[in-house]
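Me: Could you pick one part of this model and take a close look at it, then work outward to what surrounds it? I would like one connected account that I can follow with the structure open.

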Amino acid sequence: MTTSSHASSQPSHDELLAQAFRHNAPQPTDRGRDEAHEPSVGTLDLAERNAFRRVTRETEIRSEEHKDVYEVEYRKLQLEQVILVGVWTEGTTAEVEASMNELAALAETAGAEVVEMIYQKRDKPDPGTYVGSGKVSELRDIVHATGADTVVCDGGLSPGQLVALEEALKIKVIDRTMLILDIFAQHAKSKEGKAQVSLAQMEYLYTRTRGWGGNLSRQAGGRAGSNGGVGLRGPGETRIEADRRRLRTDMAKLRRDLSGMKTARDIKRAQRQRSTLPKIAIAGYTNAGKSSLINAMTDAGVLVEDALFATLDPSTRRAELADGRTVVLTDTVGFVRHLPTQLVEAFKSTLEEVVGADLMLHVVDGSDPFPLKQIKAVNDVLAEITRDTGEEIPPEIIVVNKIDEADPVVLAELRHAFADSKHNVVFVSAVTGEGIDELEGRIEMFLNTLDAHVKLLVPFTRGDVVSRVHEEGTVRSEEYNEEGTLIDVRLPRVLAEQYAEFVVA
């Protein structure tokens, strides 16, 4: 078993607020942005989130006696000092350490302090205790030595493994899925996002309901063979069965609520579909810099944070390209390796924004040691979504972000990997602005393939047509004659068909 230490210091509340405002302050670039403006919504959201993390533990303690929760595994994750445990089944040492570092980032995003990271090389996880009975004993010693109160396993634990580890270690044990669900529960802000997270949690916990000892069973007591004694004879209902019944009832209610929200969302999406403005979805691995990219292109002030799953609710912003064309950019939730199935299902509605777009910007973290694995993880999730819907992923531009922080060797490997492929790849830095102009140029080139090149002769009485053509098209030339305004323009095909009466040869 390999062991490594990992600890993080906690800055003060004032320092966190100061860091939040410094981190979201406008960066000096050659794009001529205004340096002085009021704090954006994203800046205020970040300050609020950091303040929340500081008081979470105190709030949980105060509310401990007032919680109305299922007496099963549905316990709020009060992560404090945690030990990370992984099983190395394939890949190199660098790959497994990168996976463990990502798990540490997840734990810290959830508000935990990582005190130890250990992993073990095995052909496959032990079916009984995940790391094997011998290593469980060593893990128990580490728990006692560090005083940790939670163990996080880098993988999915079966109910049996969860029970066996908790009984052996006498502390709380969670797996990667429970950790991600907890992060989503902390970060979801919209009503729909919160409902999606709650449904995902309940679906995951439904098969893991269990009592803590015989005292939770209403069939206990009485003489042997008496079926429970006075007042408890007959089939009855155990506490676990009651918990599962409540879970089923609550899940059914959440599904009905989400169905109603879907109707409102479909109406808004239909309105966007009727619009001729090009729709661009920004997708990619979590913390790849999607929100930073949309800020660099639009100055939108979307929440930016160096943390996993900072964005859960999609943000839609308008942007104007260099040729004057207006596009709609949608920032979506990030993906991660081994994304829980429950979350893929719950957030499928959010990810539909990707499928309905004209173009997808697939953002990759160039500073990650294994960016190609990020690309594969994102493609796997997108393939799972489209497999159920039957729709196709839109054309994509791969945007390698954070080149200002990336290892030159990794960037060279990426350039080589895409050198002979048909992928459309751009290397950018959303912080410094490097490559943003090239990216916008690539977007313009792609959108030109979707347009119709026409010449319109618009009467002077139809100024509304001229105005819309300028807003939604790319005007190449414009002149006036006795009959009206002659415009040489590239237009979305739908709009060109709508104005077919003005087309001239």
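Reply: Happy to. A word on terms comes first: helices are DSSP runs of H or I with at least four residues, strands are DSSP runs of E with at least two, and both are numbered from the N terminus. Counted that way, the secondary structure of the chain comes to 16 helices and 15 strands. Please keep in mind that this is a predicted model.

Let's take Cys153 as the part to look at. You will find Cys153 in strand β4, which covers residues 150-153. The cut-off for buried is under 20% relative accessible area, and Cys153 counts as buried because its relative accessibility is 1%. Leaving aside residues up to four places away in sequence, Cys153 touches Val85, Leu103, Tyr130, Leu165, Val173, Ile174, Asp175 and Arg176. Those contacts make a good itinerary, so to speak, and we can follow several of them in turn.

Start with Val85 as a contact of Cys153. Strand β2 spans residues 81-88 and pairs with β3 in the parallel sense over eight bridges. One matched position is Gly86, which stands opposite Tyr119 in β3. Tyr119 also relates back to our starting point: Cys153 and Tyr119 are 34 residues apart in sequence, while their C-alpha atoms are 9.5 Å apart in space. Strand β3 itself, residues 113-121, is mostly covered, with seven of its nine residues buried.

Next comes Leu103, another contact of Cys153. Leu103 is among the buried residues of α3, together with Val96, Ala98, Met100, Glu102, Ala104, Leu106, Ala107 and Thr109. Helix α3 runs over residues 93-109, and its 17 residues reach 24 Å from the first C-alpha to the last, close to the 24 Å expected at 1.5 Å a residue. Just after α3, Gly111 takes a positive phi of about 100 degrees.

Then there is Tyr130, also touched by Cys153. Tyr130 sits in the loop between β3 and α4 (133-146). Its backbone deserves a glance: the phi of Tyr130 is near 75 degrees, a positive value in a residue other than glycine. Tyr130 counts as buried, since its relative accessibility is 4%.

Compare Lys170, in the loop between α5 (159-169) and β5 (172-175). Lys170 has a positive phi of about 65 degrees although it is not a glycine. The threshold for exposed is over 50%, so Lys170, with a relative accessible area of 69%, is exposed.

Now for the packing farther out. In soluble globular proteins, nonpolar side chains tend to be buried together. The largest nonpolar core here has 66 residues, of which Leu84, Leu293, Leu361, Leu439 and Ile443 touch the most other members. This core draws at least three residues from each of domain 1 (81-186) and domain 2 (276-434). A second, separate core of 20 residues includes Val115, Ile118, Leu165 and Ile171. Leu165 is a residue we have already met, as a contact of Cys153.

Leu439 gives a way from the largest core into another sheet. Beyond residues up to four places away in sequence, Leu439 touches Leu293, Met297, Leu361, Ile397, Val399, Val426 and Val428. Among these, Leu361 lies in β9, where Leu361 is the bridge partner of Ile282. Strands β6 (residues 279-284) and β9 (residues 359-365) run parallel and are joined by five bridges. Both belong to an open sheet of six strands, ordered β7-β8-β6-β9-β10-β11, with mixed pairing. Each of β7 (315-320) and β11 (425-427) stands at an edge with a single partner strand, so one side of each is left without a neighbour in the sheet. From one strand to the next, the twist averages 25 degrees.

Two values for the chain help to place all this. Of its 505 residues, 48% count as buried. Among contacts between residues at least 6 apart in sequence, 71% join residues at least 24 apart. The pair of Cys153 and Tyr119, 34 residues apart in sequence, is a handy place to begin when you turn the model yourself.

Key
Residues are numbered from 1 along each chain as its sequence is written. This is a predicted model: local features need pLDDT of at least 70, side-chain atom pairs count only at pLDDT 80 or more; totals for chains, interfaces and linings use all residues. Side-chain values use heavy atoms; hydrogens and water are left out. A nonpolar core is a set of buried Ala, Val, Leu, Ile, Met, Phe, Trp, Tyr and Cys residues joined through side-chain atoms within 4.5 Å. Buried means under 20% relative accessible area, exposed over 50%, partly exposed in between (1.4 Å probe, protein chains only). Domain bounds come from an automatic or database domain assignment. Contact means heavy atoms within 4.5 Å. Two strands pair if DSSP finds at least two bridges between them. Axes are lines fitted to C-alpha atoms, for helices over the stretch in contact, and angles run from 0 to 180 degrees between N-to-C directions. The expected span of a helix is 1.5 Å times one less than its number of residues.
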